Amino acid sequence: MTDPEQTTSEPEQATPTTPRALPEGLEPLDLLTHFPACFDLAQPRPLKIKINKDMIKPLAAELIPVEGTNRQQRQAAKQILHTLIIQALADYCSRPAYLQATLEGAPRIAIDGTVAGEVSAHQAKYAAAVLRGKTPPMKPPSAGPKTPPTRPLPKDAPLTEDAIVPGRLELTLKFNQLPKAVPIKDGMKIGIQTDNALVVATLRPKAWKKLTKGVVPAMVRATGASTGKA
């Protein structure tokens with residue numbers, strides 16, 4: 001189990017073809033032996049919250065050589081080392097002896113053995129639940145690569161060709177004076193002058209006939225209307 005506040009973010013794993021600068025056969029629990037003032041498998045004590053961040057720098061300085069390695073190798077080794085630290089902490093903090101020691105008010109220990117906070121009531125309750133099997137312990141990060149982050153959507157974007165489909169524009173026109181229509185092949189053409197533009201609409205003969213028998217003010221839903229500046 002890791003404490004609820006422990007950082008469990010998963011670093012990106014190096015690809016199989018990336019040379020590694022870490023010692024061969026390095027196991028997660030091997031890392032804990034570098035901090036004897038903090039870690040004790042026989043008599044564990046609650047750990048400082050986010051202790052993994054304190055462990056990475058000294059471990060990298062001790063285990064990743066500078067001579068004989070390039071920057072890419074050292075960066076890949078540091079990413080692997082970060083994963084091993086999280087796996088080691090997940091193992092250490094899920095052991096029954098550690099869970100039994102995670103009591104409310106118990107001091108938390110930093111990597112140098114000094115006190116760095118204490119166990120809260122919520123953390124103690126969580127540890128007890130894991131110990132009873134009521135709550136599954138948090139899983140350590142897998143060795144697989146990270147899932148690429150989802151890109152945020154832009155505020156605006158141009159339309160692509162496959163995003164445009166044919167259609168027709170429909171406008172609702174309101175006027176309180178019956179215009180004189182111009183007969184054309186497709187029907188009766190009228191114009192309505194608005195505050196900002198001239199709207200030209202073509203009405204079917206049947207629609208125009210109904211309009212002439214209606215009472216103004218009138219409202220027309222016209223298809224195929226166009227606008228132009230007055």
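The dialogue below goes through salt bridges, cysteines, a helix and the nonpolar cores of this structure.

Colleague: What kind of model is this, and how are residues numbered?

Modeller: This is a predicted model, in which local features need pLDDT of at least 70 and side-chain atom pairs count only at pLDDT 80 or more, while totals for chains, interfaces and linings use all residues. Residues are numbered from 1 along each chain as its sequence is written, and side-chain values use heavy atoms, with hydrogens and water left out.

Colleague: How many salt bridges does a search of the whole structure find?

Modeller: A salt bridge is a side-chain nitrogen of Lys or Arg within 4 Å of a carboxyl oxygen of Asp or Glu. The search finds two. One joins the side chains of K48 and D54, with 2.8 Å from N to O. The side chains of D91 and R95 form a salt bridge at 2.9 Å, N to O.

Colleague: Are D54 and K48 buried or exposed?

Modeller: Buried means under 20% relative accessible area, exposed over 50%, and partly exposed in between (1.4 Å probe, protein chains only). D54 has 26% and is partly exposed; K48, with 26%, is partly exposed too. In the salt bridge of R95 and D91, R95 is partly exposed at 30% and D91 is partly exposed at 29%.

Colleague: How many disulfides are there?

Modeller: A disulfide is a covalent bond between the sulfur atoms of two cysteines. The rule used here asks for a pair of cysteine sulfur atoms within 2.5 Å. By this rule the count is zero. C38 is in no disulfide, and its nearest cysteine sulfur, that of C93, is 9.3 Å away. C38 is buried, at 1% relative accessibility, and C93 is buried at 0%.

Colleague: What lies around C93 in space but not in sequence?

Modeller: One case is A127, 34 residues from C93 along the chain, with 9.3 Å between the two C-alpha atoms. A127 belongs to helix α4, residues 121–131, and is buried with a relative accessible area of 0%. Helices (H or I, at least four residues) and strands (E, at least two) are DSSP runs, numbered from the N terminus.

Colleague: Why do the buried residues of α1 line one face of the helix?

Modeller: An α-helix has 3.6 residues a turn, so residues three or four places apart point the same way. Helix α1 covers residues 52–63, and its 12 residues reach 16 Å from first C-alpha to last, close to the expected 16 Å. The expected span is 1.5 Å times one less than the number of residues. N52, M55, I56, L59, A60 and L63 are the buried residues of α1. Seen down the axis, they fall within an arc of 120 degrees, so they line one face; the arc is that of the directions from the helix axis to the C-beta atoms. The face turned away carries the exposed residues K53, K57, A61 and E62.

Colleague: Which residues touch the most other members of the largest nonpolar core?

Modeller: In soluble globular proteins, nonpolar side chains tend to be buried together. A nonpolar core is a set of buried Ala, Val, Leu, Ile, Met, Phe, Trp, Tyr and Cys residues joined through side-chain atoms within 4.5 Å. The largest has 26 residues, of which L22, F39, L47, M55 and L81 touch the most other members. Its largest share, nine residues, comes from α2.

Colleague: What is M55 in contact with?

Modeller: Contact means heavy atoms within 4.5 Å. Leaving aside neighbours within four places in sequence, M55 is in contact with L32, F35, F39, I85, L89 and I111.
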